[in-house]
Amino acid sequence: MLFYLVAEKTTPMALKPILQHTWETYTKHFWLIMFMAVPGLFALVIPSLVGTPTFAALGATYLRTNSIPDLTQAKTAVMIVTVMLSLFLMSFAIVNINIVIRSSRTLTHVREEIMQSLGTTTLSVFWVYLMAEIILLIVQLYTFQLGAQSLLAPLLNGAVGMVILLMPTAMVIDEIRAGRALERSIQTILRKLPLFGLWLLMGLISLSIVELVLLAILRPWAPTLMVLFSSLILMPFMVV
């Protein structure tokens, strides 16, 4: 849905056409999109596998910032490398999916698009995500020291997350630099706030329902299955 949110002609009253186009594109390229999303799955799994202090919630993994001050230098170095690798893999997955969607809308060959844009665009998106991760980490540590992590941190993290959310899509669709993509992202959110709010609500409701079902049926496997669902199914659909 992000592709159509970024599109200039999208209006706040166009939810039904957006869902229709999203579903058609998603189902038409389902296996290719899922394949392109695999690096995003690795991005979520790798931090847990190497012992980085993380926890799983709603199909994603998050750093335990209150554990960071207790890490040794070696573990801190491992954490930094792991986070950077995860961010690069997630950037790779997001750019791949957007290239597939762009190719389907412009009727160009997917392989040609990937060969021409994949490397440079992935690196640009990686730097955007890295800067955002640094800002989020500073916010987490600072609010932890102030004792306001449970109240202030989510608000600031949400603001940063919303600002950068549309940037990768804009960078792939319009082939613009990060600065212009940031401006485009903010303008799009402000101009189409009702649609953007519905997009966030749909994602949250979908994750909550699936997690409740998995906890009721397969509780021991629920966190793992949630990561699989969010990275391979829901995240690509929401990007489309």
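## Helices, core and contacts in a predicted model

Confidence in the chain bottoms out in helix H1 (residues 2-6), with a mean of 57, and peaks in helix H8 (residues 178-191), at 82. That matters here since this is a predicted model. Across the chain the mean pLDDT comes to 75, and 73% of the residues reach 70 or more.

As for the overall layout, the chain has ten helices and two strands. Read along the sequence, the elements run α-α-α-β-β-α-α-α-α-α-α-α, with the two β symbols sitting after the third α. Of the 240 residues in the chain, 43% are buried. Among contacts with a separation of 6 or more, 69% join residues 24 or more positions apart. On the outside, the chain exposes about 13,100 Å², and carbon and sulfur atoms supply 72% of that area.

Now for the inside. The largest nonpolar core has 49 residues, and Met90, Ile97, Tyr129 and Met235 are the ones with the most contacts inside it. Elements giving two or more residues to this core are helix H3 (30-49), helix H4 (73-106), H5, helix H6 (152-165), helix H7 (167-174), H8, helix H9 (193-217) and helix H10 (222-239). The top contributor is H4, which gives eleven residues. Tyrosine 129 is a handy place to look at the packing: leaving aside residues up to four places away in sequence, tyrosine 129 touches Leu87, Met90, Ser91, Ile94, Ile164 and Pro168.

Another residue to pick out is threonine 121, which is found in helix H5 (residues 110-146). Threonine 121 counts as buried because its relative accessibility is 14%, and the cut-off for buried is under 20%. With residues up to four places away in sequence left out, threonine 121 touches Val95 and Val172. Val172 belongs to H7, where Met167, Pro168, Thr169, Ala170 and Met171 are buried along with Val172. In fact H7 is mostly covered, with six of its eight residues buried. After H7 comes glutamate 175, and its phi is positive, near 55°.

The aromatic rings tell their own story. A pair of aromatic rings is described by the distance of the centres and the angle of the planes. The structure holds five such aromatic pairs. One of them joins tyrosine 26 and phenylalanine 30 in an edge-to-face arrangement, 5.5 Å centre to centre with 85° between the planes. Are these two partners buried or partly exposed? Tyrosine 26 is buried, at a relative accessible area of 6%, whereas phenylalanine 30 is partly exposed, at 23% relative accessibility. Ring pairs also tie Tyr26 and Phe30 into a cluster with Trp31 and Phe237.

Charged side chains come last. Side chains of opposite charge can pair when their charged atoms come close. A search of the whole structure turns up one salt bridge. In the salt bridge between arginine 180 and glutamate 183, the N to O distance is 3.9 Å. How far apart are arginine 180 and glutamate 183 along helix H8? They are three residues apart, so about one helical turn separates them. Arginine 180 counts as partly exposed, at 38% relative accessibility, and glutamate 183 also counts as partly exposed, at 40%.

Note on methods. Residues numbered from 1 in each chain as written. Predicted model: local features only at pLDDT ≥ 70, side-chain atom pairs only at ≥ 80, totals over all residues. Heavy atoms only, no water. Helix = DSSP H or I, 4+ residues; strand = E, 2+ residues; numbered from the N terminus. Buried < 20%, exposed > 50% of the residue type's maximum accessible area, 1.4 Å probe, protein only. Contact = heavy atoms within 4.5 Å. pLDDT = per-residue confidence, 0-100. Phe/Tyr/Trp six-rings, centres within 6.5 Å; stacked < 30°, edge-to-face > 60°. Core = buried A, V, L, I, M, F, W, Y, C linked by side-chain atoms within 4.5 Å. Areas by Shrake-Rupley, 256 points an atom, 1.4 Å probe, with all protein chains shown as cover. Salt bridge = Lys/Arg side-chain N within 4 Å of Asp/Glu carboxyl O.
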